[in-house]
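Hello,

Here is the structure you asked about. Please open it alongside this message.

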Amino acid sequence: MEEILNQYCKQHNPGLLLLSMPTGSGKTYNVLKFIHSNYKEFVKQERKILFITNLKKNLPTDELKKLFIENGDEEDFEKYFIFIDSNVNTVINKLLEIDNQIPEQFKNEIYLELKKDIELLKNEQLPSSFKDKIEIDIRKNVEPAFRNIIQKTLTKNFQTKKARLLAIKNNQDYKWIGELYPAVFTDEKTILFLSIDKFVAQNSTLVEPSYYFYERLINESVIFIDEFDTTKDAVLKNIIQSGLRHRVDLIDLFLNIHNHLMQTECPEVLVQESKWRKKKSSGKNWLSLREQIESLREKAKYIFNKYKLQHICKSHEEFSTKERNFLFYDYKFHNVLARNQRVEIIGDIDSRTNWIKAFNIKHQKSGIDIQELLSSITGYLSYFQVGVKYLANNYRRLKEEDKGGKETFPLKLAIQTVLNNFHLKDVEFLTNRILEDDLPYGLQPYQGSIQSHNFYDTGFRYYDIVDSDEHDTLSKIYMFNFSRTPESFLAGVCSKAFVVGISATAGLYTNIGNYDLEYLKSRLGDSFIRIKDDALVKLKNLYNEATQGYDKVSIKTQFIGTDSQEQAIKQLEELLNDREAAQDLWNTLLHTITDEKEESIKFAFCRYVRALTAWQYFLDHPDCHAFLCLFNKLPKPSDPKFDLHILHKYAELLLETHQNNIDSSVADTFFVLSGNNFDVNKEKLINELKDNKRRFIISAYQTIGVGQNLQFPIPFGIEPIHINSFRKHSNMDINGIYLDNPTNILVNIFENNIDNDKFIKYIFQLEFIRENGDFSLNQFKSKLDEAFYRYINRYKPRRNAEDFINPYNTNAYSRYLNKIIIQALGRICRTNMKAPTIHILADASIRKHLIGFSLPEDVIPIREYTALFESAGESPNQSEDLIEAQNRASHKSNQTATYIRRQLSTPWTNQSVKKWQELREQVLYQPAIATVSECNINWSNIYLHLPNPDNSYYFSHENDYDDIEVFFTDDYGKREVKEVSERTGCLG
C-alpha cells in the first residue's frame, strides 16, 4: 500500500484512487506514514493534505502526532497540522479555560450570555433535555453573534487579512482569538484533519469571509477520505438540507428579477473588464459584460411577454382542491397524484388571470402546458445565476488587481455586490444557490450537453402548487430544487484534487450505499484509478500473510429465524419446550401493540424469536466469551415492539437448563449498547469483558457505526490464537455476532407523518435504484406516486403489477445489504488475536441477498464475510440480470430522447448546431461499438450496453415515443433497431 500511495499521491494531477482494503489491514497507518514522510515536500510546494472521515471522533489525530513525536518532529506537527472542528465546538470546549485572557472590551452582554450558557452545559447535575436546548441556542444564536463582534472588530482595526493574522499571532489583545478559533490559521497549515460534515460546510475563519473548502483550498491537494463510501450519506444530507432551505416562490422570484432588470442600469465598474477576464476570453466567442447583462434582460423580457406574467396565476375552481398538486421533474415531468392529467395555463384577458386547469392527457391542448412555463422560468433562473457568477468573478478580479494581488476578494461578496446592484430582495437565497452550485462547473466540458443529461448531473426538482386563504386571489408555485448529487459533488472535487477513497467497501457497486462508481468512471476517465494486476496481487498476498493464522481458527456460520409468524411460534415452542409460553408471547404483543397493523405485530414477534434464538446459541456455546447482536432497533423497557423486560423474562426461562454457562444474572449478562453515553457504556463493557465476564451485547447498526472498535484486553486464562507474525495485540476481538436483516437502510415511507428530509432522501433512493437498472419506467413512476401520496398522508391504490414492486427485492438493495454486512463483521476484526472459534449467526432473510452476489476483483473481503457468503450457496439468476440491463437501456434511451426533443424545440445557436453536428457524426461513424474500452467517455451516455454481443435490439413505445422500453430479446419488443439498417446506404 505504501508503494501505491507513493506512486499516485506525489503527483499534481487530480483524480480518484480507490483502495478497498479489509478492516484491520493497516489502511489508516499507511496513510499516516505517507503524510509524515511527505509533509515537508507539500509545505515547499504550498499544497495541502486533507484527511476526511465520516465522524470527527474517528480522525486519527493522536496516532499522527505520535508518529511525528517518535521521529523528532513534534514542533513541525504543531506548526503544520490543524484539526478543523466547528467553531461552536471549539468555543464550548475552550472558552471557560481562557476566560481570563479575553480583554474586557469583548466581555459585553453577548459574551456574558455565552459564558453563562457554557457553564450550564458543563453542569452535570442538569437534565440532558435542558442542556440540549441550551446548546441549540448557542449554535444558532449566541456563538454566531459573539463571532460576528470579533469579525467586525478585526475588520475595523486591521485592513487586510495578513494584518489580522499578525495581530492574532503577536498582539496580546487578540492572541486569545487563535486559541478560541484555531480555524483562523487554516491557510497557514499543510495537514488538515476534518469530518465530511465540515468539508461540505463553510469554513469561517474570522479573518476573511466564510468559504467552502472546495472553493478555495483543494487545488492540487491530496485528499484522503477514510470510510469513503459512508461519506456519501453525509454529502446527501447536506444537499437535502440546502434544497429544503432554499424553497423558492418561482414566479415571484422571476418577476422580482425581471422588474428590476427592466428598471436598473448597471454602474460602469460592473462592466469594466479585468485583466484576468481579458486573458481568459482571448480567442473565444464570449459575450462582453455589457452584452451579458443585456442578454439577461432580453431573455427575462421574452418570458414575461410570452406567458403574460403581468397577470396573476390562479388555480381554477375545477383544479383547486384541498389536496396538494405536485409536478416532479428529473429529465422529464411527472404529474404525480394525477398521472393521466395534463396541467395547462389558460389566459383570460378579461379577468387578467392565467388560470391553472387540468385536462385528460389525451385531449388536445387548448392553452400553454404548465411544464413549458416552469421549464422556461427554471432555465432562466439557472442562466441568470451563471450570468451573475461571470459578472462577480470579473468584479472580484478587478478588486484584487487594484490591490496588486495582495488581498483576495471573496466570491461571496462579489456575488452579493452584483445582486445588490440589481436591487433584488432575494440576495441571500441567490448567493447561496450560486455558491453551492459552483462546484460542478469544474467539469465544464459536460455542462448543458448530451453527455451531462443524466440524473447525477442534473438531480431533480418538484413544484408544489399551493392555494391558501393568505393569498386567495393567486396561487403560489413553490420549487424545491435538488440539482446537485453526491456523485456530481465528488466528481467536481476530483477535478481539482487527487482523492484517495479508503474503505473495506470503497469499490463496491452499490449506488445507495456508495457513490456510483460507473458514473465517476464515465466522468473522470483515466483519472479514475482502481488497483489491478501486480499491485492487486501484492495487496492480496499481504492480506493473506496478515491472516495466515486463520487456518487454526474455526468460523461457524448459521442462518436463523423466519418471517412467518406460524413458524416463529413453532421455533419458540421448541426453544422453550413449552407451547403455552410461546403462545403467550404472541398474545402479549397482540394486546400491547394496538396502533399497528397485524403485519407489524408479526414482524415484532419474529424479531423476539430471533433474539432469543441467538441467546440460546450463546448459552449452548460457552467458548463464546462475548456475543454481539446487531438489530435495526434497540430493546427498551416497556416498548412492546422490542421490550427489554420481555426479553429478560424469556431469556431466564431458557437459562434454567444452562445455569453453569454464565456466572451473572440475565439482567447483568445482557448489555444494551446504545448511542446515549456510548463512550461511557463502551468502557464499562470492555472492563467487564476484561474481567472474564461473558456478555450478550445487543446494539443497533446505527450505534455500532463504521469505524467503531469493540476489541477488549485479553482476560486472564484465555489464550487466543495469534494469526500472523506481527507484534501481538494486547486486545482480542469479540468472537460471536448475530446480524439481523438491516431493513432500515431504505427510508420507511409508511410511518406516520414522514418528515421533509426523509421524503427527499427516499426520492433520491428511488433515483439511485432506477440508475441501477432495478426499476422500469412505469415501476419508477408508481413508486414516485406512492411517495408523494405518503407525503400528504394518503395511500396510493395498488391496481397494476408495477404498484407491487418492493425496493427491498432489488439488486440495488442486495448490494447495499452486502456492504452493511461486510462493515458489521468488520467490528469483530480489529486485532490479530482471535478466539479458536468465531460464531456468526445471520437472519435467514439475509441469505437470498448473499446468493448470486459477487465482489469486484479489487475488493478484498475479510475471512468472516467469506465464510458467511460461502455458506449461503450460489444461484445466479440470469433473468434478473437481463431485466436490469433492459431497464438501464430504457432509462438511457428515454433520457437521450428527451434531450433531443428539447434540442429540436429550442431556437438554434452556433453552439447547439455544433453539438448537433457532433452527435450526428458520432452515431453515423460508430452506430455500434464492440467493447466499452473503445467508447469515448464523452459519448458513453448515448450507447446502450447489451448483455451479450449482438447487432440489434428491440423496443416498444407509448405516447408518441415519449415512453420507450428496450428489450434484448424479441419476446416483447415490437420493433427492431439494427446496427446497419436497409436505409443506411441511402445516406451515402
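Below are notes on a sheet, the helices on it, and one helix pair.

Please keep in mind that this is a predicted model.

The sheet first. It is open and has 7 strands, paired in parallel. Their order is E3-E4-E2-E7-E17-E1-E18. Strand E3 (81-83) and strand E18 (528-530) are the edges, and each pairs on one side only. On average, neighbouring strands are turned by 15° against each other, direction ignored.

Look next at E2 (residues 49-53) and E4 (residues 191-195). These two strands run parallel and are joined by 5 bridges. Thr 53 has Ser 195 in E4 as its bridge partner.

Two helices to check against the sheet. Helix H3 (residues 61-70) packs on it and touches E3 and E4. The direction of H3 makes about 165° with that of E4. Helix H2 (residues 27-45) lies across E2, E4, strand E7 (222-226) and strand E17 (498-502). H2 runs at about 155° to E2.

Now the helix pair. Helix H17 (residues 370-402) packs with helix H19 (residues 427-436) at an angle of about 80°. Their axes are 10 Å apart. Angles of 65 to 115 degrees count as roughly perpendicular, so H17 is roughly perpendicular to H19.

Which residues in H17 and H19 meet? From H17 come Phe 384, Gln 385, Val 388 and Lys 389. From H19 come Leu 430, Arg 433 and Ile 434. By class, this contact has 4 nonpolar, 1 polar and 2 charged residues.

Best wishes

Note on methods: Residues numbered from 1 in each chain as written. Predicted model: local features only at pLDDT ≥ 70, side-chain atom pairs only at ≥ 80, totals over all residues. Heavy atoms only, no water. Pairing = 2+ DSSP bridges. Helix = DSSP H or I, 4+ residues; strand = E, 2+ residues; numbered from the N terminus. Axes fitted to C-alpha atoms, helices over the stretch in contact; angles between N-to-C directions. Contact = heavy atoms within 4.5 Å. Parallel < 35°, antiparallel > 145°, perpendicular 65-115°, else oblique. Nonpolar A, V, L, I, M, F, W, Y, C, P; charged D, E, K, R; others polar.
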